Amino acid sequence: NRLSAVSSSDIKKLRQPIVTVLGHVDHGKTSLLDKIRGTAVVRKEAGEMTQEVGASVVPRSVIQKVAEPLKNIIPLKLEIPGLLFIDTPGHELFSNLRKRGGSVADISVVVVDVTEGFQKQTFESIQILRDRRVPFLMAANKIDRVPGWQPNPNQPFTVSISRQSKEVQSRLDTLIYKLVMDLAQLGFNAERFDRVRDFTRNVAIVPVSAKTGEGIPELLALLAGLSQRYMENRLKVVEGPAKGVVMEVKEEIGLGHTIDVIVYDGILKKNDILVLAGLNGPIVTRVRGILVPKPLQDIRIVKTDFVSLDEVVAAAGVKISAPGLEEAIAGSPLYVAEDESRIEQLKKVVEEEVSTIKIYNKDV
Ligand code: GDP
């Protein structure tokens with residue numbers, strides 16, 4: 001199927017990093033994701049898919065285009081095929097993204113309203129990321145609200161800041177310094193990204209505006225550049241059977257019960273044997289359909305229609321239709337059994353992992 005932007009024939013060495021967005025309510029998580037999705041749709045090449053189920057892709061070509069003016073600051077030769085953003089921001093869904101030994105998320109963005117600074121959920125978000133050992137950048141959002149700011153829509157931050165008055169520049173620096181202090185309290189060294197020397201030791205703070213699009217080029221370039229540089233092993237494409245996590249269980253007209261899944265490793269194929277958790281013990285079933293939204297001209301149109309793929313390569317967000325999914329559990333791990341002999345072992349793995357999930361949920 002030509003629509004499968006990620007068919008096994010064009011497997012690259014590295015898969016797309018999975019990115020989540022966290023932060024305090026009203027600090028701009030949804031707006032930032034909307035802006036990023038909008039950028040991806042407008043700047044993509046013909047035939048590139050940007051929409052998946054529960055996730056959006058920013059293809060490599062888009063990141064390269066928007067980062068072009070930055071090539072002196074952030075030299076970017078991309079080997080990853082793009083970035084996969086989980087569409088639902090905040091910690092509720094993030095807690096479903098667990099896998100053995102950590103999180104399905106490879107890297108996160110903590111959004112903070114730069115005019116308000118750290119709030120309760122900012123601290124909570126960073127705590128969760130630390131517990132799960134997920135590296136993060138901080139997006140210092142709403143820079144357009146710094147008094148006196150002159151907007152330069154969709155420009156890199158480095159371009160826009162150079163066009164601001166000295167007063168405005170120092171007002172922003174004062175606000176950013178407050179973020180640096182709050183991060184220091186939590187034990188993180190942090191700096192504005194263009195002053196960071198060593199990204200393995202410092203949290204990079206990227207000033208952005210989800211409203212004007214300023215700073216989005218750097219945010220995308222840094223997410224892509226840092227994950228490719230520091231997570232090469234984690235991102236190596238594995239050609240084995242798929243591993244994933246169930247994000248949602250939904251009944252769809254004409255399809256019955258379906259599961260929305262983030263595939264974080266391997267290749268998922270039609271007719272694969274799936275093992276996942278159910279309310280009354282593990283479910284074993286076969287993939288009937290691997291579905292993604294039909295490509296649309298306008299992302300604001302409600303996603304109603306799906307197209308079916310023969311296979312997908314991680315990382316991907318897909319809807320799976322299969323018999324017997326009525327009792328599937330959101331947050332469940334999902335494994336593909338290469339053959340029948342593997343089923344019993346995978347059932348045990350799933351049961352064991354689900355029991356730790358329940359314990360975790362009780363603690364929260
Ligand atoms: P969320 O709760 O973190 O998802 O926050 P939203 O994305 O819903 O944003 C909360 C409010 O802040 C909305 O009214 C947005 O329009 C506004 N907002 C978000 N980002 C920006 C920004 O960069 N600049 C300005 N001026 N407003 C913003």
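Let me open with a question: does Ala67 count as buried or exposed, and at what relative accessibility? Ala67 counts as buried, because its relative accessibility is 5%, and the cut-off for that class is under 20%. Before I go further, I should say that what we have on the screen is a predicted model, and that everything I describe was computed from it or, in one case, comes from a database record.

To stay with Ala67 for a moment, its place is in helix H2, which covers residues 60-67. What separates the C-alpha atoms of Ala67 and Glu218 in space, given that these two residues are 151 residues apart along the chain? The separation is 6.8 Å. A useful contrast is the pair Gly213 and Gly54, which are 159 residues apart along the chain and whose C-alpha atoms are separated by 23 Å. Gly213 is found in the loop between strand E9 and helix H7, the latter covering 216-230, and Gly213 counts as buried, with a relative accessibility of 1%.

Now to the one item from a record. UniProt, in an unreviewed entry, lists residues 14-234 as "domain: Tr-type G". Over that range the chain is 38% helix and 19% strand, and the C-alpha atoms at its two ends are 9 Å apart.

Let me turn to the ligand. It is surrounded by 15 residues, and the closest of them are Asp26, Lys29, Thr30, Ser31 and Asp144. If we sort the shell by class, we find two nonpolar, seven polar and six charged residues. Which element gives the most to this shell? That is helix H1, residues 29-43, which contributes three residues.

As for individual contacts, a polar backbone atom of Asp26 is 2.7 Å from an oxygen atom of the ligand, and a polar backbone atom of Gly28 is 3.0 Å from an oxygen atom of the ligand. From a side chain, a polar atom of Lys142 lies 3.0 Å from a ligand oxygen. The ligand taken alone exposes 580 Å², and the protein buries 71% of that area.

Asp26 deserves a second look, since its backbone is unusual in sign: phi is near 70°, a positive value in a residue other than glycine. Asp26 lies in the loop between strand E1, residues 18-23, and helix H1, and it is exposed, with a relative accessible area of 65%; I would add the caution that this value counts only the protein chains as cover. Arg133 also has a positive phi in a residue other than glycine, here near 55°. Its place is in the loop between helix H4, residues 120-131, and strand E7, and at 72% relative accessibility Arg133 counts as exposed.

Next, the aromatic residues. A pair of aromatic rings is described by the distance of the centres and the angle of the planes. A search of the whole structure finds three such pairs, and I will take two of them. Phe136 and Phe188 form an edge-to-face pair, at 5.3 Å centre to centre and with 75° between the planes. Because Phe136 lies in strand E7, residues 136-141, and Phe188 in the loop between helix H6 (166-185) and strand E8 (189-192), this pair ties together parts that are 52 residues apart in sequence. Phe136 is buried, with a relative accessible area of 10%.

The other pair is Phe157 with Phe193, where the ring centres are 6.1 Å apart and the planes stand at 65°, so this pair is edge-to-face as well. Phe157 lies in helix H5, residues 157-162, and Phe193 in the loop between strand E8 and strand E9 (202-207), so the pair ties together parts that are 36 residues apart in sequence. Phe157 counts as buried at 0% relative accessibility, and Phe193 is buried too, at 3%.

Two local details remain. Asp87 lies in the loop between strand E3 (82-86) and helix H3 (91-94), counts as buried at 14% relative accessibility, and has its side chain joined to that of Ser56 by a polar contact of 2.6 Å. Finally, the peptide bond from Ala314 to Ala315 is cis, with omega near 0°, and Ala315 is found in the loop between strand E17 (311-313) and strand E18 (316-321).

Terms used:
Residues are numbered from 1 along each chain as its sequence is written. This is a predicted model: local features need pLDDT of at least 70, side-chain atom pairs count only at pLDDT 80 or more; totals for chains, interfaces and linings use all residues. Side-chain values use heavy atoms; hydrogens and water are left out. A residue is near a molecule or strand if one of its heavy atoms lies within 4 Å of it. A polar contact is a pair of N or O atoms within 3.5 Å; within protein, one must be able to donate a hydrogen and the other to accept it, and residues adjacent in sequence count only if both atoms are side-chain atoms. Accessible areas come from the Shrake-Rupley method with a 1.4 Å probe; for residues, only the protein chains shown count as cover. Helices (H or I, at least four residues) and strands (E, at least two) are DSSP runs, numbered from the N terminus. Ala, Val, Leu, Ile, Met, Phe, Trp, Tyr, Cys and Pro count as nonpolar, Asp, Glu, Lys and Arg as charged, and the others, Gly among them, as polar. Rings of Phe, Tyr and Trp (its six-membered ring) pair if their centres lie within 6.5 Å; planes under 30 degrees apart count as stacked, over 60 as edge-to-face and the rest as tilted. Buried means under 20% relative accessible area, exposed over 50%, partly exposed in between (1.4 Å probe, protein chains only). UniProt positions are given in the numbering used here, feature names are shortened, and annotations may be inferred rather than shown by experiment.
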